[in-house]
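Here is a short tour of one protein chain, from its charges and overall build to a group of aromatic side chains. Have the structure open as you read.

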Amino acid sequence: MPLVDFDGTSIYYERHGSGPAILFVHGSGGHHAAWWQQVAALREEFTVLTVDLRGFGTSDSSMSEFDGQDFPGDVVAVLDAEDLTDVMLVGQSIGSVAALRAALLRPGRVSSVALGHSLGGISHPELRELAAADRAEAVKLPVIDRLLTKRFQAERPDLTFLFQQMGTFNVAKMADLRNLDADGPSLDDIQDSGIRVAFLAGERDAVLSVKTVTRAHELLPGSHLEIVPDAPHSMYWETPEPYNAAVARLRRTLTAPKEAA
C-alpha cells in the first residue's frame, strides 16, 4: 500500500473502491485499520481512503515527540499524492481537528468536512467553554466508558477487546499531542473558505454533548447536523450501520458545486 513523504516523514495510507472520495482521519486511539467497518460498507459506491497520522499505525513514529499541528500536513500529503478533488474529509475526535485544518489548507481539493464527535478546534469563546464543561464531566468516567456504552461492552466483549487493542499499534498517545487545538480557525475563516461543514454526533457521546455540537451548528451558518440515535463517542465502531449511512448521506449531499456553464 502507498507511502507518501511529507517533510521527511513517511505517511502510510490506503485507497479502496471507486466513486466520489471520502478520506477518514482517525482519533487518538486509532489508525487506518480502525475503519474496517466503513471501508467494507462504502467502497462499492465511494473511493475510500484511510491514513495513519505520524506516530500512529504504519506511519513514521521515530520522532521523540509529536505535535498535533503537524497532522494536517499528513492529510494534505495524501490529498496531493492522489491528486484528489471534491473530497469529503471525515474526522473522528482529534482527527476532526486535523481534517478541518487540512481542508482549509487545500480548499481546491476538499469540498466538505464531517466533524465526528468534535468541534474541529474551532476558535470561539462560547464553544470553548461548552466543550470544557463537557470534558470536565467526561474525565470522571473510566476511559472505555467515555468511548463505548456499557451495554456494548457487556454484549460484545470481543469487539470491546479489539477496540482496546487498536491503540497498542500506536506510539503517539493523547498526552503527546501538544498544541492540537492551538490557534484554531474562526467561524469566519471557515465560511470564507467555502468548505461545507457537517457536525456528526452521537446521541450518547460522553465526551462531547449533543447540546454543545448543536450550538456549534447554530453558530456556523450553512453547516449541517447529523445526530445518530443511541450512539456513543466511538460510534464508527459500536454502531457502524447508522454511522455509515450518515457518512454516505453527507457524501452524496455535500459535493462540490457545479461549475457555471
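Let's begin with charge. In this predicted model, the protein carries 23 positive and 36 negative charges, and the mean positions of the two sets are 4 Å apart.

Now for the overall build. The protein has 11 helices and 8 strands. Its radius of gyration is 17 Å, close to the 18 Å that the globule rule gives for 261 residues, so the protein is as compact as a globular protein of that length. The C-alpha trace spans about 55 × 40 × 35 Å along the principal axes. Of the 261 residues, 52% are buried. Among contacts with a separation of 6 or more, 76% join residues 24 or more positions apart. The protein exposes about 11,400 Å², with carbon and sulfur atoms supplying 52% of that area.

The aromatic side chains deserve a closer look. The count comes to 6 aromatic pairs, and two of them share Tyr-236:

| Pair | Geometry | Centre to centre | Angle between planes |
|---|---|---|---|
| Trp-35 and Tyr-236 | tilted | 5.0 Å | 45° |
| Tyr-236 and Trp-237 | edge-to-face | 6.4 Å | 80° |

What does the pair of Trp-35 and Tyr-236 tie together? Trp-35 sits in the loop between strand 3 (21-25) and helix 1 (36-42), while Tyr-236 belongs to helix 10 (residues 235-238), so the pair links parts that are 201 residues apart in sequence. Trp-35 is buried, at a relative accessible area of 1%, and Tyr-236 is buried too, at 7%. Trp-237 is likewise buried. These three residues belong to one aromatic cluster, together with Phe-24, Trp-36 and Phe-163.

Notes. Residues are numbered from 1 along each chain as its sequence is written. This is a predicted model: local features need pLDDT of at least 70, side-chain atom pairs count only at pLDDT 80 or more; totals for chains, interfaces and linings use all residues. Side-chain values use heavy atoms; hydrogens and water are left out. Helices (H or I, at least four residues) and strands (E, at least two) are DSSP runs, numbered from the N terminus. The radius of gyration is taken over C-alpha atoms; the globule rule is 2.2 Å times the number of residues to the power 0.38. Buried means under 20% relative accessible area, exposed over 50%, partly exposed in between (1.4 Å probe, protein chains only). Contact means heavy atoms within 4.5 Å. Accessible areas come from the Shrake-Rupley method with a 1.4 Å probe; for residues, only the protein chains shown count as cover. Lys and Arg count as positive and Asp and Glu as negative; His and the chain ends are not counted. The place of a charge is taken as NZ of Lys, CZ of Arg, CG of Asp or CD of Glu. Rings of Phe, Tyr and Trp (its six-membered ring) pair if their centres lie within 6.5 Å; planes under 30 degrees apart count as stacked, over 60 as edge-to-face and the rest as tilted.
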